[in-house]
Amino acid sequence: MMFGNGEGSKVTLQIKDAATVRRLIFDPELAVGESYTNGALSIAGDDVQGLLGIVVGNFRQADVLPVPARIFAAMRHVRRRLDQSNPETGARRNVAHHYDLTPAIYDLFLDADRQYSCAYFTDTTMSLDAAQAAKKAHIARKLLISPGMRVLDIGCGWGGLALTLARDHGAQVTGITLSQEQLAIARDRADAAGLADRVSFKLIDYRAMTGQFDRIVSVGMFEHVGAPNFATFFNVVRDRLTEDGVALIHTIGRTAPPNATNPWIAKYIFPGGYVPSLSEVAQAIQDSGLRIGDIECLRLHYAMTLRCWFDRFSAKVDTAAALKDQRFVRMWRYYLAASEQTFRHGPQDVFQFQLCRRPDAVPITRDYLYPPTEQSLAQAAE
């Protein structure tokens, strides 16, 4: 059976049984991922990227969905705030679900510094490691870091950014996480790098933090906050930031109106997670009294990052299967491919919000973000 007008990319599917067909009709957002993961849906050549490119492109047209699928989507939208309530105990459980996996899993596809967020490709030919280093440098410039500054890293991951800010910029950094695995690795890395006197890592919820900091940074954590807690999050940033301080919040976001989290992602990958629309974040920032110094949209940078992760993971599926099993391998290939295609064809973006309490806390032009290269200086001198 053929679908479509014969133009564009072609993907061949094999569906195991009629029950799978019914599930795909009634709730495709959940059923496509489950059917692929469980083997009830197979793709010729295992071209999961090709399938999801078509699927994501068509999902932008709401009228193509069967009526039952539209009903499920409407129900999720209605209850989305309940699903994202994320009290502290629930937040810890949700973080453990994803980040407390066998650490070796992440070594299969991340860069050497374990940066698990959008890289910054100043050149499309850059390696993943170079692009992740460029991302950290770009963030440091936006934070206007000086030696001795006290920095709070909310959602510090495995400690890479905190260690970079301490080592390369002389900052005193406090990194916080809810992941036991990340905490242990981050502390070991600080000890190994001889930076334990300049970087400390804590297992604590952002809502429980006290004190004030000259700089606050949060990369890839805001997606776990949940819409009901946006006001709380930015109030914490405001209260923890000194009067002349600067914050940088880096988050996946939507360039479309608010919506519910994809049910497959919520069930299997990021329980409690939510990708906010730009309008939701801007409203919460406005209500907190913080000022927006700058907003940057990284757009296709994350699609490129995800393709690097997908290729690296796919090259090591035998190792991944030995660490977990074949079902896990299919699940994570689907997750990485779906995420990439949503950035390429869906309303997904990455926002970097530079925030401050005073209008003069950051320069009035963007020149400081793009220092001249040796080549440009030589050309100017000619």
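Of the 382 residues in this protein, 50% count as buried, where buried means under 20% relative accessible area, exposed means over 50%, and partly exposed is anything in between (1.4 Å probe, protein chains only). This is a predicted model, so local features need pLDDT of at least 70 and side-chain atom pairs count only at pLDDT 80 or more, while totals for chains, interfaces and linings use all residues. Residues are numbered from 1 along each chain as its sequence is written, and side-chain values use heavy atoms, with hydrogens and water left out.

The accessible surface of the protein adds up to about 17,500 Å², and 53% of that belongs to carbon and sulfur atoms; the areas come from the Shrake-Rupley method with a 1.4 Å probe, and for residues only the protein chains shown count as cover. As for contacts (heavy atoms within 4.5 Å), take those with a separation of 6 or more: 77% of them are between residues 24 or more positions apart.

Now the secondary structure. There are 17 helices and 9 strands, taken as DSSP runs (H or I, at least four residues, for helices; E, at least two, for strands) and numbered from the N terminus. Seven strands form an open sheet with mixed pairing, in the order β5-β4-β3-β6-β7-β9-β8. At its edges sit β5 (199-203) and β8 (291-297), each pairing on one side only; two strands pair if DSSP finds at least two bridges between them. From one strand to the next, the twist averages 15 degrees. Helix α13 (residues 278-288) packs on this sheet and touches β7, β8 and β9 (348-356). The direction of α13 makes about 10 degrees with that of β9, using axes fitted as lines to C-alpha atoms (for helices, over the stretch in contact) and angles from 0 to 180 degrees between N-to-C directions.

Zoom in on β6 (residues 213-219) and β7 (residues 241-254): they run parallel, joined by 6 bridges. Here F213 stands opposite L241 in β7.

Over at the N-terminal end of the numbering, L13, I15, V21, I25 and F26 make a nonpolar surface patch of about 390 Å². Patch residues have over 30% relative accessible area and no salt bridge, with like charges joined within 9 Å and nonpolar side chains (Val, Leu, Ile, Met, Phe, Trp, Tyr) within 5 Å; a salt bridge is a side-chain nitrogen of Lys or Arg within 4 Å of a carboxyl oxygen of Asp or Glu. Both β1 (13-15) and α1 (18-26) supply at least two residues of the patch, and α1 gives the largest share, 3 residues. I15 lies in strand β1 and counts as partly exposed because its relative accessibility is 36%.
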